[in-house]
Amino acid sequence: MSTPELREQLLQEYRTVTENLNQLNAIVTDINSVDIPFLTNQLRDVEKRFSLVYTLFKSSVYSVLSSGESIPQESLTNTPTW
């Protein structure tokens with residue numbers, strides 16, 4: 001192959017890479033503008049629910065510990081008693 005042909009092939013590859021990068025940029029921009037805010041809002045809802053469950057769990061543990069009741073050792077595991 002001659003130098004002009006190689007140069008033309010190289011330029012064609014650069015054009016292909018540029019087109020692919022432009023397409024990728026468009027996809028990422030679309031994801032950032034549409035999907036990220038939706039997912040962020042969903043995660044905020046999950047965080048609120050998790051916070052509520054955690055608070056209820058802490059209050060339950062505090063209630064058990066402050067009542068002074070002793071917890072049997074067998075009930076501290078989830079293994080079945082045979």
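Helices are DSSP runs of at least four residues, numbered from the N terminus. In this predicted model, the chain has one helix and zero strands. That helix, H1, covers residues 3–67, and Ile-31 lies within it.

A look at the surface comes next. The accessible surface of the chain comes to about 7900 Å², and carbon and sulfur atoms account for 61% of that area. Of the 82 residues in the chain, 0% count as buried.

Part of this surface is a nonpolar patch made up of Ile-27, Ile-31, Ile-36, Phe-38 and Leu-39. Together, these five residues offer about 460 Å² of accessible area. Ile-31, the member already met in helix H1, has a relative accessible area of 37%. Because this value falls between the limits of 20% and 50%, Ile-31 is classed as partly exposed.

Charged side chains add another feature to the picture. Side chains of opposite charge can pair when their charged atoms come close. The structure holds one salt bridge, in which the side chains of Arg-15 and Glu-8 meet at 3.6 Å, taken from N to O. How accessible are the two partners, Arg-15 and Glu-8? Arg-15 has a relative accessible area of 40% and is therefore partly exposed, while Glu-8, at 43%, also counts as partly exposed.

Notes. Residues numbered from 1 in each chain as written. Predicted model: local features only at pLDDT ≥ 70, side-chain atom pairs only at ≥ 80, totals over all residues. Heavy atoms only, no water. Patch = residues over 30% accessible without salt bridge, like charges linked within 9 Å, V, L, I, M, F, W, Y side chains within 5 Å. Areas by Shrake-Rupley, 256 points an atom, 1.4 Å probe, with all protein chains shown as cover. Salt bridge = Lys/Arg side-chain N within 4 Å of Asp/Glu carboxyl O. Helix = DSSP H or I, 4+ residues; strand = E, 2+ residues; numbered from the N terminus. Buried < 20%, exposed > 50% of the residue type's maximum accessible area, 1.4 Å probe, protein only.
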